[in-house]
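Visitor: I'd like a close look at one part of this model, and then a walk outward from there. Could you take me through how the pieces pack?

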Amino acid sequence: MELQERLALINENLVEVLNPELIQQPWDEGRNPKIYWGTATTGKPHCAYLVPAIKIAQFLAAGCDVVVLLADIHGFLDNLKAPVELVEQRVEYYRFTISALLRAVGVSEQLNNLTIVQGSSYQKTAAYVMDVYKLSSCISEHEAKRAGAEIVKQSDSAPLSGLLYPVLQVLDEQYLDVDAQFGGLDQRKLFIAAKEWLPKLGYRQRAHLMNGMVPGINGGKMSSSDPDSKIDLLDPPEVVNKKIKKATAAPKIIEENGVLALVESVLLPAAALSGRREFRVSRDRDGLEPLIYTGIEKVHEDYKNDILTPQLLKSAVSAALNLLLVPIQEAYHASPEWQEVALKAYPPPAKKEKKVKQKGTQHPGLAMRNENIKGSGPEETS
Ligand SMILES: N[C@@H](Cc1ccc(O)cc1)C(=O)O
């Protein structure tokens, strides 16, 4: 592949790249650029994870070396989104899910230029920990807070660990020995911090590659705590169909349309990876020829003109998404280990006892017992 072709594949669908020259430089020096993507092992990965998975497939296809970081320590640094006692199971759940996800977009795990690394495997070494202390002493509390503002959950009584979160993420670039970090646009403040902070310890700056955020299927932010705003990778077809049917997709309006966003950032690029960039909308029910799209521009145009109606769009998106999820769900159902880890990593909420109406003085102490039952379920994560 020509260099220009490789760079085009790396940059496809990215919204911003900082220091792009650092991607090309390794090739000039006769080696492959090494790019990493990190994910904190918190809530169950959902459909939006298809976006980084597709980018990773493209980086590999362009001849880059890729590291996927399962950031387990980050999982609890951020407000205990993954409670400490569940962290190990969450990493295993992510390992199964991310591997299946990558296979679903055509990445073979046998590739020797793809490595999956668990954060705690090196983030507890003496050298790394010493660098955490050193870096913490050269940046201000304010800078650490600003760097994590869009990623770390903000609250009035935020734990100190939220300030360490960006420090560790920045050091990961050095310790994973990469040329670039890839992530969503929400990582931007942290990426800028990495550029500024690494040289303070005498380490080199890295390139940063950012993809746009995929809106939730309700048009707003995709949130793990609102099950209707996102589609779980293991949601069976009927659930996917139901969620998409309920999704916001105003006729003729392409802005904030989460269903159209799925076509643009997931379905078309995934189809391209499998060899044919095509999004097909069946119109059998109306006895018409299918609409076949090879790019998002025409999809938008037809949507604005109501040739592609919300109803047609939704059923085509459901069908294509379900097809993409088949291999992931097959892998899950074929793996008792994965199923077992799912239960341990995300224990079903403890059943709440039925609240009994207080009946005056005949039942003393009841109010207090009911108070104690409150909040006994496991942590909600996002
Ligand atoms: N900040 C990333 C996770 C991450 C953690 C550590 C890293 O080194 C890189 C990425 C997220 O929001 O999911």
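Let's start with one helix pair: are α13 and α14 roughly parallel or roughly perpendicular to each other?

Guide: Bear in mind as we go that this is a predicted model. Your pair consists of helix α13, residues 310–333, and helix α14, residues 336–345. Their axes sit 6 Å apart and the packing angle is about 90°. Angles of 65 to 115 degrees count as roughly perpendicular, and α13 and α14 are therefore roughly perpendicular to each other. On the α13 side, the residues that touch are Ile328, Ala331, Tyr332 and His333, and they meet Trp338, Gln339 and Ala342 of α14. Sort that contact by class and you get five nonpolar residues, two polar ones and no charged ones.

Now set another pair beside it. Helix α3 (residues 50–61) and helix α11 (residues 258–273) have axes that come within 10 Å and cross at roughly 30°. That makes α3 roughly parallel to α11. The crossing of these two is left-handed. If you want to pick out the contact on screen, look in α3 for Leu50, Val51, Ile54, Ala57 and Gln58, which meet Ser265, Val266, Pro269, Ala270 and Leu273 in α11. By class, the α3 contact with α11 comes to eight nonpolar and two polar residues, with no charged ones.

A third pair is α8, covering residues 161–175, and α9, covering residues 188–197. Here the axes come within 9 Å and cross at roughly 65°, and the crossing is right-handed. From α8 the contact takes in Tyr165, Pro166, Val167, Gln169, Val170 and Glu173, while α9 brings Leu190, Phe191, Ala193, Ala194 and Trp197. Nine residues of the α8 contact with α9 are nonpolar, one is polar and one is charged.

Hang on to Tyr165 and Gln169, because that brings us to the ligand. Both are among the residues surrounding the ligand. The rest of the surroundings are Tyr36, Gly38, Ala40, Leu69, Ala71, His74, Ile151, Asp172, Gln181 and Gln187. Zoom in on Tyr165 and you'll find a polar side-chain atom 2.8 Å from a nitrogen atom of the ligand. Gln187 has a side-chain N or O atom 2.9 Å from a ligand nitrogen. For Tyr36, the partner is an oxygen atom of the ligand, 2.7 Å from an N or O atom in the tyrosine side chain.

Conventions: Residues numbered from 1 in each chain as written. Predicted model: local features only at pLDDT ≥ 70, side-chain atom pairs only at ≥ 80, totals over all residues. Heavy atoms only, no water. Axes fitted to C-alpha atoms, helices over the stretch in contact; angles between N-to-C directions. Helix = DSSP H or I, 4+ residues; strand = E, 2+ residues; numbered from the N terminus. Parallel < 35°, antiparallel > 145°, perpendicular 65-115°, else oblique. Left-handed = near helix turned anticlockwise from the far one by under 90°. Contact = heavy atoms within 4.5 Å. Nonpolar A, V, L, I, M, F, W, Y, C, P; charged D, E, K, R; others polar. Near = heavy atom within 4 Å. Polar contact = N/O pair within 3.5 Å; in protein donor to acceptor, adjacent residues only side chain to side chain.
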